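Welcome, and thank you for taking a look at this structure with me. Please open the sequence and the 3D view side by side, and we will walk through them together.

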Amino acid sequence: MAESFRLSVVTGDGTVFVDTVEYVNLPTGFGSLGVMAKHAPMLCAVEKGVVRCTKDGETIRIRVGGGVASVENNEATLLVSDGERLE
């Protein structure tokens, strides 16, 4: 089983998603960016698109507006203009 880390997706209206995941794929201005547990600290811009994350073999999709992503201490936080979990 892959190691997990905490992912939070937050808008000005509140929290859209918070859970532990094994992988997250972020839409950025320079292409998709993958993050796994113990990723090096980073700060990057997030573009409008779909964030895909994996938990227990299931893919979770979250539509997001533009914003920023911070990865540090085994936690990824996305601060975005808007977002919603897709089913």
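What follows is a short tour from the core out to the surface.

One thing to keep in mind from the start is that this is a predicted model. Let us begin on the inside. The largest nonpolar core has 23 residues, and within this core Leu7 and Leu26 touch the most other members. Leu7 sits in strand S1, which covers residues 5-11. With a relative accessibility of 0%, Leu7 is buried. What does Leu7 touch, once neighbours within four places in sequence are left aside? The partners are Phe17, Val18, Asp19, Val21, Val24, Cys53, Ala76 and Leu78. Leu26 has its own set of contacts, and if residues up to four places away in sequence are not counted, these are Gly31, Ser32, Leu33, Val35, Met42, Val51, Ala69 and Leu78. Leu78 appears among the contacts of Leu7 and also among those of Leu26.

Next to Leu7, you can find Ser8, which also belongs to strand S1. Ser8 counts as buried, at 8% relative accessibility. Beyond its neighbours within four places in sequence, Ser8 is in contact with Phe17, Val18, Glu75, Ala76, Thr77 and Leu78. For a sense of distance in this part of the model, try Leu7 and Lys55: they are 48 residues apart along the chain, and their C-alpha atoms are separated by 11 Å.

Now for the cysteines. How many disulfides are there? The count comes to 0. Cys44 is in no disulfide, and the nearest cysteine sulfur, which belongs to Cys53, lies 15 Å away. A disulfide needs two cysteine sulfur atoms within 2.5 Å, so a separation of 15 Å does not qualify. Cys53 is likewise in no disulfide. Is Cys44 buried or exposed? Cys44 is buried, with a relative accessible area of 10%, and Cys53 is buried too, at 0% relative accessibility. Cys53 is also one of the residues that Leu7 contacts.

From here we can turn to charged side chains. Side chains of opposite charge can pair when their charged atoms come close. In this model the count comes to 5 salt bridges. One of them joins Glu75 and Arg6, whose closest N and O atoms are 3.8 Å apart. This pair links distant parts of the chain, with Glu75 in strand S9 and Arg6 in strand S1, 69 residues apart. Glu75 is partly exposed at 32% relative accessibility, and Arg6 is partly exposed with a relative accessible area of 41%. Remember that Glu75 was also listed among the contacts of Ser8.

Another salt bridge brings together the side chains of Lys55 and Asp19, at 3.0 Å from N to O. Here too distant parts of the chain are linked: Lys55 is in strand S6 and Asp19 is in strand S2 (residues 14-21), 36 residues apart. Lys55 is partly exposed at 21% relative accessibility, and Asp19 is partly exposed at 29%.

A further pair is made by Asp82 and Arg63, whose side chains meet at 2.7 Å, N to O. Asp82 lies in the loop between S9 and strand S10 (83-86), while Arg63 is in strand S7, 19 residues away along the chain. Which residues are linked with this pair in a network of salt bridges? The network consists of Arg63, Asp82 and Glu84.

Finally, let us look at the loops and the surface. Most residues other than glycine have a negative phi. Asp56 has a positive phi of about 50 degrees although it is not a glycine. You will find Asp56 in the loop between strand S6 (49-55) and strand S7 (58-64), exposed with a relative accessible area of 56%. Asn73 also has a positive phi, near 55 degrees. Asn73 is in the loop between strand S8 (67-72) and strand S9 (75-80), and it is exposed at 71% relative accessible area.

Our last stop is a nonpolar surface patch of about 290 Å², made by Leu43, Val68 and Leu79. Leu43 is in strand S5, residues 42-46. Leu43 is exposed, because its relative accessible area is 66%.

Key: Residues are numbered from 1 along each chain as its sequence is written. This is a predicted model: local features need pLDDT of at least 70, side-chain atom pairs count only at pLDDT 80 or more; totals for chains, interfaces and linings use all residues. Side-chain values use heavy atoms; hydrogens and water are left out. Patches are made of residues with over 30% relative accessible area and no salt bridge: like charges are joined within 9 Å, nonpolar side chains (Val, Leu, Ile, Met, Phe, Trp, Tyr) within 5 Å. Accessible areas come from the Shrake-Rupley method with a 1.4 Å probe; for residues, only the protein chains shown count as cover. A salt bridge is a side-chain nitrogen of Lys or Arg within 4 Å of a carboxyl oxygen of Asp or Glu. Helices (H or I, at least four residues) and strands (E, at least two) are DSSP runs, numbered from the N terminus. Buried means under 20% relative accessible area, exposed over 50%, partly exposed in between (1.4 Å probe, protein chains only). Contact means heavy atoms within 4.5 Å. A nonpolar core is a set of buried Ala, Val, Leu, Ile, Met, Phe, Trp, Tyr and Cys residues joined through side-chain atoms within 4.5 Å.
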